[in-house]
Protein chains: 2
Amino acid sequence: MDAAEFRRRGKEMVDYVADYLENIEKRQVYPDVEPGYLRSLIPEEAPLEAESYEDVVKDIERVIMPGVTHWHSPYFYAYFPTAHSFPAMLADMLCGAIGCIGFSWAASPACTELETVMLDWLGKMLKLPEDFLAGTEGSGGGVIQGTASEATLIALLAARSKIVKLIQTDHPDRSETDIISKLVAYSSDQAHSSVERAGLIGGVRMKKIPTDSKFSVRGAALQKVLEEDRAAGLIPFFFCATLGTTPSCAFDCITELGPICNAEKIWMHIDAAYAGSAFICPEFRPLLNGIEFADSFNFNPHKWLLVNFDCSAMWVKKRSDIIGAFKIEPLYLKHDHQESGLVTDYRHWQIPLGRRFRSLKMWFVFRMYGLKGLQAYIRKHVGLAKEFESLVKADQRFEISADVVLGLVCFRLKGSNELNEILLKRINSARKIHLVPCQLAGKFVLRFAVCARTTESRHVREAWSHISHLASELLQELRH
Amino acid sequence: MDAAEFRRRGKEMVDYVADYLENIEKRQVYPDVEPGYLRSLIPEEAPLEAESYEDVVKDIERVIMPGVTHWHSPYFYAYFPTAHSFPAMLADMLCGAIGCIGFSWAASPACTELETVMLDWLGKMLKLPEDFLAGTEGSGGGVIQGTASEATLIALLAARSKIVKLIQTDHPDRSETDIISKLVAYSSDQAHSSVERAGLIGGVRMKKIPTDSKFSVRGAALQKVLEEDRAAGLIPFFFCATLGTTPSCAFDCITELGPICNAEKIWMHIDAAYAGSAFICPEFRPLLNGIEFADSFNFNPHKWLLVNFDCSAMWVKKRSDIIGAFKIEPLYLKHDHQESGLVTDYRHWQIPLGRRFRSLKMWFVFRMYGLKGLQAYIRKHVGLAKEFESLVKADQRFEISADVVLGLVCFRLKGSNELNEILLKRINSARKIHLVPCQLAGKFVLRFAVCARTTESRHVREAWSHISHLASELLQELRH
């Protein structure tokens with residue numbers, strides 16, 4: 001395919017994409033396929049000779065679409081949202097065309113510099129403390145990670161490296177492995193599975209701190225475990241606080257936890273993967289109070305800020321902490337400017353070496369929506385969640401299982417877990433909408449997350465009337 | 001921006017992309033900007049009100065392009081290539097539109113299933129042993145990682161987890177941290193910096209095995225270190241072999257190393273990040289002989305197989321080894337089919353949780369080029385490297401510093417390192433072409449890597465005549 005054919009095919013693809021998104025409501029949100037469906041639809045081997053573009057394109061509807069879960073359908077209420085917008089898609093086209101690998105400043109200066117400035121822009125939108133911004137002379141700054149899992153891992157590894165160096169300064173004869181064997185990291189018992197995984201990867205003990213009735217970690221709960229662990233000869237070094245947990249969008253009390261972590265020299269990382277986007281609205285910003293105590297902070301614009309996956313924004317107060325944990329400099333990656341102090345080589349900030357020009361997506365989205373447009377988007381979703389909450393509350397058969405703060409509603413039929421498991425199974429089998437469950441204080445709970453950009457009040461009401469109808473059927477059957 | 005505007009703007013972007021690529025030769029391959037250039041060109045904060053698309057688009061040439069290193073210019077010969085093709089870009093547009101997050105089978109069955117089958121297709125193109133293919137009943141299989149760095153890390157972590165379990169089976173009282181403190185991993189002294197980094201992250205000792213005069217690790221060299229380490233009470237558990245090292249594209253002797261690793265129960269991972277693409281050609285496939293001894297294998301179609309970044313293909317013989325190292329199952333990620341044995345939940349195979357629909361790029365590229373087209377592409381690049389090699393060889397002032405096997409030529413002026421450092425500085429300062437250096441056996445060497453899809457014989461000859469001219473100038477100055 002040459003540039004001339006790309007012009008033609010690219011424009012056809014733009015139309016296909018626009019058609020897909022304009023008509024996404026008409027597609028069944030969750031597919032009917034059984035595991036292994038796809039293998040039989042395509043050849044067992046790659047073709048020897050080139051095929052035509054027509055042949056490839058017609059297979060999109062035959063092979064791919066029947067197996068797609070349509071995350072951008074207004075009937076998709078599962079997990080948390082993944083962001084999606086036209087400006088982000090346009091920026092991604094440009095990113096693909098430039099196709100640079102921004103592992104160092106020299107490998108494509110624009111790629112590195114736009115990222116640093118976009119993270120400053122976003123940090124300002126969130127009113128992050130000055131320490132987290134790069135500016136022209138700051139010692140902190142931001143970076144785009146692929147996912148929150150990677151941000152948590154990077155923070156844990158940086159904290160591990162820092163505590164080992166600190167202890168070795170006083171006890172030069174203590175080995176790294178000996179120190180690591182005594183380390184202990186903490187998170188909420190509601191924290192995402194990726195936090196536990198970061199501990200596994202980093203080879204350190206990871207303990208879960210019990211949460212209160214609001215599913216929030218409080219200062220006293222952490223303090224208690226810290227005292228026990230110190231008494232047992234362990235070395236607490238890392239606490240991952242969650243703002244907006246995955247099961248119920250609960251918030252750890254960082255105003256209580258932060259001072260404890262600071263006093264105990266424990267690295268506090270804040271994972272606000274989903275909720276973080278909301279902090280651009282003044283009315284939700286208080287949820288981030290306590291951020292001043294954190295060493296690192298992360299959230300995913302690719303969840304709720306209209307920037308397509310992947311774009312996980314992470315800030316640190318001291319870039320030297322994160323860089324120091326990983327820096328290795330082979331000659332083929334050296335360049336003239338790297339000792340200038342002005343330059344960021346983002347490869348030292350992340351697990352992979354290579355990186356795409358992802359800040360273009362942020363730049364396009366921030367400019368084409370403006371802060372006000374982004375705030376309106378967040379508020380609309382929160383409003384839809386509140387609307388769903390009122391519908392649930394008005395039905396005596398149901399109960400709300402956790403405070404509705406942002407775009408997630410946790411609810412269930414009053415009654416047994418089995419009853420709710422059957423209800424969820426019927427909801428998902430009916431294929432009209434798609435939800436996933438969670439467990440809260442031993443209860444099986446349904447999660448209704450407002451996800452798609454195109455979700456409107458009518459969709460939410462329709463979803464509720466569908467759920468309510470299935471519940472009626474189920475309860476009636478059980479009465480017989 | 002609504003779908004109607006996206007139709008218009010998307011088509012304009014297609015034209016911009018085609019224009020950029022059709023005229024890329026006219027752009028200076030390496031930018032003139034100084035660190036910090038971009039910050040002053042754009043506002044300090046995101047706009048409050050939405051801006052127009054025109055405003056954004058006109059800033060591409062004003063703000064971005066002056067700071068871009070043009071990796072797809074035929075004058076770019078630095079690092080290794082990063083892949084780029086029109087079919088891959090079209091597939092990425094579709095990937096962005098579907099915008100699903102394929103962390104589990106249920107999250108979008110097509111995303112998972114196409115990936116499994118594409119990795120089988122690619123494995124067959126490489127004539128990988130059957131063990132590495134998923135098929136319908138295999139215990140191995142492939143996965144797309146973001147980068148080779150992540151693949152190496154995943155392999156090391158899986159090996160670490162496996163050896164710990166193995167030792168604990170015989171010695172249930174030995175703690176994980178005690179075992180880890182005795183582990184030792186190995187790689188070539190020519191291995192990529194990411195291998196050393198994987199050891200740092202995994203918290204294990206990493207030793208470099210000295211290479212022979214061809215920059216290749218031989219069996220005897222590994223054997224010697226293993227004996228010393230076993231005698232010292234250490235536990236060898238992981239060897240990362242490199243096929244196609246970054247400095248000189250050297251090949252570790254895996255036919256010698258593999259049997260040793262197998263006999264010693266050491267996980268052998270093969271990193272063929274750059275060279276792997278060439279193994280689809282029968283004439284280069286012998287370089288992969290010995291793969292049958294490996295536990296895991298990885299190369300980057302996003303380097304040299306026309307699939308845009310990121311797409312790093314990794315295969316394992318036993319998927320249970322890799323899954324076992326990371327599996328954590330929260331309720332919100334459970335789904336009906338996951339215990340069926342037919343289903344792959346790729347989140348257990350990788351560091352991040354989320355993942356894009358990257359197999360679409362492979363599917364488009366493999367079909368639109370066909371195996372023959374892909375082979376022709378590899379051969380063309382190797383031919384261009386050979387052509388450059390002959391030009392260097394014909395000039396008595398220069399020497400070739402390592403065997404030219406694929407698309408990389410390592411060369412230098414006969415003489416001091418300082419002389420070659422000055423030559424490289426002049427080449428890069430002239431901005432006509434872009435190269436990076438490496439160090440081989442204490443010598444400062446220039447690397448000429450054939451990178452762009454559009455590089456032709458005339459570009460290579462032009463590059464050589466430019467280098468030769470700068471060398472003449474330099475040598476003449478030094479004579480005076």
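## Symmetry of the two copies

Copies are superposed by least squares on the C-alpha atoms of residues with pLDDT of at least 70 in both. The model is predicted. On that basis, a rotation of 180 degrees carries chain A onto chain B, with 0.0 Å of shift along the axis. The RMSD of the superposition is 0.0 Å. The two copies are therefore related as by a two-fold rotation axis.

Which residue of chain A has the C-alpha nearest the axis? That residue is K11(A), and its C-alpha lies 2.6 Å from the axis. Both copies use the same surface: 100% of the contact residues of chain A recur in chain B.

## Extent of the interface

The size of an interface is often given as the accessible area lost when the parts come together. Here chain A and chain B bury about 12700 Å² between them. Carbon and sulfur atoms account for 67% of that area. Three residues, R39(A), Y332(A) and R367(A), supply 7% of the area that chain A buries against chain B. No other three residues supply more.

In residue terms, 144 residues of chain A are in contact with 145 residues of chain B.

## Polar and charged pairs across the interface

Between chain A and chain B there are 18 salt bridges. One pairs E49(B) with K372(A), where the closest N and O atoms are 2.6 Å apart. Polar contacts between the chains number 66 residue pairs, both residues at pLDDT 80 or more.

Which elements of chain A supply at least two residues each to the side that touches chain B? Among the helices that do are α1 (3-22), α2 (53-64), α3 (86-98) and α4 (109-125). Further along the chain come α5 (148-170), α7 (193-202) and α12 (359-393). The strand β10 (436-440) also does so. Helix α1(A) gives the most, with 16 residues. By class, this side of chain A has 83 nonpolar, 31 polar and 30 charged residues.

## The annotated lysine

UniProt, in an unreviewed entry, places the feature "modified residue: N6-(pyridoxal phosphate)lysine" at K303(A). Where does K303(A) lie? K303(A) is in helix α10 of chain A, residues 301-304.

Neighbours within four places in sequence are left aside here. K303(A) is then in contact with F80(A), P81(A), T82(A) and A83(A). A273(A) and Y274(A) are also in contact with K303(A).

## Salt bridges overall

Over all chains, the whole structure holds 78 salt bridges. One of them joins the side chains of R62(A) and D59(A), at 3.0 Å from N to O. Both residues lie in helix α2 of chain A. They are three residues apart, about one turn of the helix.

## Backbone features

Each chain has a cis peptide bond at the step listed here. In chain A, the bond from F309(A) to D310(A) is cis, with omega near 0 degrees. D310(A) lies in the loop between α10 and β7 (312-316) of chain A. In chain B, a cis bond joins F309(B) and D310(B), and omega is about 0 degrees. D310(B) is found in the loop between α10 (301-304) and β7 (312-316) of chain B.

What is phi of A441(A)? Phi is near 50 degrees, a positive value in a residue other than glycine. A441(A) sits in the loop between β10 and β11 (443-449) of chain A.

Notes
Residues numbered from 1 in each chain as written. Chains lettered and ligands numbered in written order. Heavy atoms only, no water. Contact = heavy atoms within 4.5 Å. Buried area = accessible area lost by both parts, 1.4 Å probe. Salt bridge = Lys/Arg side-chain N within 4 Å of Asp/Glu carboxyl O. Polar contact = N/O pair within 3.5 Å; in protein donor to acceptor, adjacent residues only side chain to side chain. Helix = DSSP H or I, 4+ residues; strand = E, 2+ residues; numbered from the N terminus. Nonpolar A, V, L, I, M, F, W, Y, C, P; charged D, E, K, R; others polar. UniProt positions renumbered as here; feature names shortened; annotations may be inferred.
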